Amino acid sequence: MSASRPSVAQDLVWRTEVLFYDLLTAVLRLFPVAWVSGAGARLFMIAQARSVQMKIDVRAGRFPIRHRMAGGARKCTNDARERQR
């Protein structure tokens, strides 16, 4: 079985990904461990809160998920509230 080589574009994508990962790691190592840990915890809390709220909104029928992703959540949420009245 011969090993197939990735295309030049795929190789560039992989190398770019590794470069950004290494740069992020180098920048984060400049800060104290406690600060980086706290920042990561906040990031995960924000991501969890948004995903939980989105699930609640979708299950409650306030708006379809495609509107949430398109940035039309405010309009769709207001329409849903008017329908409930």
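A salt bridge is a side-chain nitrogen of Lys or Arg within 4 Å of a carboxyl oxygen of Asp or Glu. I begin with that term, colleagues, because the structure before you holds 1 salt bridge under this definition. Please bear in mind throughout that this is a predicted model.

Let me first set out the overall architecture. The protein chain has 85 residues, and its secondary structure consists of 4 helices and 0 strands. Read from the N terminus, the order of elements is α-α-α-α. Of the residues, 8% count as buried. The chain exposes about 7900 Å², and carbon and sulfur atoms supply 62% of that area.

I turn next to confidence. The average pLDDT of the protein chain is 76, and 66% of the residues score at least 70. Confidence is highest in helix H1, at a mean of 95, and lowest in helix H4, residues 73-84, at a mean of 51. Where pLDDT is low, the predicted coordinates should not be read in detail. My remaining remarks concern two features, the salt bridge and a surface patch.

Which residues form the salt bridge? The partners are Arg15 and Asp11, whose closest N and O atoms are 2.9 Å apart. That separation satisfies the definition, because the limit is 4 Å. As a general point, side chains of opposite charge can pair when their charged atoms come close. Arg15 and Asp11 stand 4 residues apart in helix H1, so about one helical turn separates them. Is Arg15 buried or exposed? With a relative accessibility of 58%, Arg15 counts as exposed. Asp11, by contrast, is partly exposed, at a relative accessible area of 26%.

The second feature is a nonpolar patch on the surface. Its members are Leu24, Val27, Leu28, Leu30, Phe31 and Trp35, and together they have about 610 Å² of accessible area. Which helix supplies the largest share of this patch? That helix is H1, residues 8-28, which contributes 3 residues. Leu28 is a patch member that lies in helix H1. Its relative accessible area is 33%, so Leu28 is partly exposed. Patch residues must have over 30% relative accessible area, so Leu28 meets that requirement.

To conclude, helix H1 holds both Arg15 and Asp11 and also provides the largest share of the nonpolar patch. Helix H1 is, moreover, where confidence is highest. Thank you for your attention.

How values were computed:
Residues are numbered from 1 along each chain as its sequence is written. This is a predicted model: local features need pLDDT of at least 70, side-chain atom pairs count only at pLDDT 80 or more; totals for chains, interfaces and linings use all residues. Side-chain values use heavy atoms; hydrogens and water are left out. Helices (H or I, at least four residues) and strands (E, at least two) are DSSP runs, numbered from the N terminus. Buried means under 20% relative accessible area, exposed over 50%, partly exposed in between (1.4 Å probe, protein chains only). Accessible areas come from the Shrake-Rupley method with a 1.4 Å probe; for residues, only the protein chains shown count as cover. Patches are made of residues with over 30% relative accessible area and no salt bridge: like charges are joined within 9 Å, nonpolar side chains (Val, Leu, Ile, Met, Phe, Trp, Tyr) within 5 Å. pLDDT is the predictor's confidence in each residue, from 0 to 100.
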